[in-house]
Amino acid sequence: MDVRTAFLNGDLDEEIYMKQPEGTVKPGQEHLVWKLKRALYGLKQAPRMWNKRLDKFLSSKRFVRCEADHSLYVRPASKGGSKPLVIAVYVDDLLVVGESDDVEKCKKELAEEFDMKDLGEVGWLLGVQVTRVRNQFQLSQQKYINDVLERFGMSDCRPLATPMTAGEHLTQEGSGTGERWMKKVAVFIVVQLAA
């Protein structure tokens, strides 16, 4: 789900004034300023106010924010039969994970509170390709790996079974042949991931 104009949903908890925008100043009122009633894009407080508003709403729907990662919310299973539901938040994008019926109900509740766009089933999330196979999700960073290989001019390289020359001596200090070995290991890991 994508929240349209998310930062405009934030309620300000302090008084903020701004200069009148160009083209709105009336003659004789050049000295006046505007008092903001809502957060605006470009305002330093806007992301925080949006997050507080979303947190308050999700809390009212029995979601609990994960202490280890504040962008993750979990609604535990209820005695009435609903299964656990998870929402991952990235600024104004929300990933809702759970049973189909529960997800649809949650999306409806979110859309009633905020102006949202349903982006359908996830295909890409923060540069990670997500593929659904039955009830499992496969995550792939193949595109990222290919981009890294391209950036370093190694897109046409081939994978090797061993990342170093047989019989090469390693040193503890990390100098000489040891440094070359570390570079080869790094290249090997990237190539193996790409293969």
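**A surface patch and a ring cluster**

Tyr90, Val91, Leu125 and Leu126 come together as a nonpolar patch on the surface, sharing about 390 Å² of accessible area. Patches here are built from residues with over 30% relative accessible area and no salt bridge, where nonpolar side chains (Val, Leu, Ile, Met, Phe, Trp, Tyr) are joined within 5 Å and like charges within 9 Å. A salt bridge, for the record, is a side-chain nitrogen of Lys or Arg within 4 Å of a carboxyl oxygen of Asp or Glu. Areas are Shrake-Rupley values with a 1.4 Å probe, and for residues only the protein chains shown count as cover. This is a predicted model, in which local features need pLDDT of at least 70 and side-chain atom pairs pLDDT 80 or more, while totals for chains, interfaces and linings use all residues. Numbering runs from 1 along each chain as its sequence is written, and side-chain values use heavy atoms, with hydrogens and water left out.

Within the patch, Val91 sits in the loop between strand S6 (85-90) and strand S7 (93-97). With 43% relative accessibility, Val91 counts as partly exposed, a class lying between buried (under 20% relative accessible area) and exposed (over 50%), again with a 1.4 Å probe and protein chains only.

Zooming out, the chain has 4 helices and 11 strands, taken as DSSP runs numbered from the N terminus (helices: H or I, at least four residues; strands: E, at least two). Of its 195 residues, 24% are buried. The chain exposes about 14200 Å², and 54% of that comes from carbon and sulfur atoms. Among contacts (heavy atoms within 4.5 Å) with a separation of 6 or more, 46% are between residues 24 or more positions apart.

Now for the rings. Rings of Phe, Tyr and Trp (its six-membered ring) pair if their centres lie within 6.5 Å; planes under 30 degrees apart are stacked, over 60 edge-to-face, and the rest tilted. That rule gives 3 aromatic pairs. Trp50 and Phe114 have ring centres 5.2 Å apart and planes at 80 degrees, so they pair edge-to-face. Because Trp50 belongs to helix H1 (residues 46-60) and Phe114 to the loop between helix H2 (100-113) and strand S8 (116-117), this pair ties together parts 64 residues apart in sequence. Trp50 is buried at 2% relative accessibility, and Phe114 is buried with a relative accessible area of 2%.

Phe114 also pairs with Phe57: the centres are 5.5 Å apart and the planes at 80 degrees, so this pair is edge-to-face. Phe57 lies in helix H1, so its pairing with the H2-S8 loop residue Phe114 ties together parts 57 residues apart in sequence. Phe57 is buried, at 9% relative accessibility. Ring pairs thus link Trp50, Phe57 and Phe114 into a cluster.
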